[in-house]
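Subject: Model handed over, with notes on its disulfides and one sheet

Dear colleague,

I am passing on the structure we spoke about, together with some notes on what came out of the analysis. Please look through it before you read on.

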Amino acid sequence: MTFGRRFMSTATVGALVVGGLSVTLSAGPANASAANCTNGANGFTSIPYNKSGTVETSKDLGGGRQAELHIAWINGVPHRWARISGATKAGDLVWMDYSTTYGDGWIQCGPFTVQSNGSPNTSAAHKATRAAGEQFRACGRRVDGDSICGPWL
């Protein structure tokens, strides 16, 4: 599968100067949408907002929140997804990056927004096939913080 879109790291911030006009560009969840992975798009499966599995990685987002990469069997097949948990606040975001090129390019699944304080939320899930180049990572952003991603797995 080839992805037509390539996203910058959420830590990357650049400045563009055009004809004396300075515009700051930053990468993050605004570069994508949940439409990239809902309703079966790009091989993703919709799951409940509070679904849990085995936590493979967890990244501290600060403020008592974590972005976690989960794995579990769905309909007899292993799937991975991102989940935000902990002391969440309405407006916090979670998404999962999915790559078939060892993280060189990826589809951003989300962001998905936490609806109420203390509630978790998940991205959609994707089959974990162990194909060459296939990698996943969980990312999140607090309403009062920066975008943070865990390691590629």
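When the bonded cysteines of the chain are numbered in sequence order, their pairing reads 1-2, 3-4. Please keep in mind that this is a predicted model, and that the count of disulfides, taken as cysteine sulfur atoms within 2.5 Å of each other, comes to 2.

In one of these disulfides Cys37 is joined to Cys109, with an S to S distance of 2.0 Å. The pair ties together distant parts of the chain, as Cys37 lies in the loop between strand 2 (21–26) and strand 3 (44–45) while Cys109 belongs to strand 8, and the two are 72 residues apart. The torsion about their S-S bond is about 80°, and the disulfide is therefore right-handed. As for the surroundings, Cys37 counts as buried because its relative accessibility is 0%, and Cys109 is likewise buried, its relative accessible area being 0%.

In the other, Cys139 and Cys149 are bonded, and their sulfur atoms are 2.0 Å apart. This pair, too, links distant parts of the chain, with Cys139 in strand 11 (residues 135–141) and Cys149 in strand 12 (residues 147–149), 10 residues apart. Here the torsion about the S-S bond is about 110°, so this disulfide is right-handed as well. Cys139 and Cys149 are both buried.

The strands that hold these cysteines lead on to the sheet. Strands 8, 7, 11 and 12, in that order, make up an open sheet of 4 strands with antiparallel pairing. Strand 8 and strand 12 stand at its edges, and because each has a single partner strand, one side of each is left without a neighbour in the sheet. Direction ignored, neighbouring strands of this sheet are turned by 20° against each other on average.

Within the sheet, strand 7 (residues 93–99) pairs with strand 8 in the antiparallel sense over 5 bridges, and Cys109 of strand 8 is the bridge partner of Met96. Although strand 8 is an edge strand, this stretch (residues 107–113) is mostly covered, with 5 of its 7 residues buried. At the other edge, strand 11 and strand 12 pair in the antiparallel sense over 3 bridges. Which residue of strand 12 does Cys139 stand opposite? The residue is Cys149, to which Cys139 is also joined by the disulfide described above.

With best regards

Note on methods:
Residues numbered from 1 in each chain as written. Predicted model: local features only at pLDDT ≥ 70, side-chain atom pairs only at ≥ 80, totals over all residues. Heavy atoms only, no water. Buried < 20%, exposed > 50% of the residue type's maximum accessible area, 1.4 Å probe, protein only. Pairing = 2+ DSSP bridges. Axes fitted to C-alpha atoms, helices over the stretch in contact; angles between N-to-C directions.
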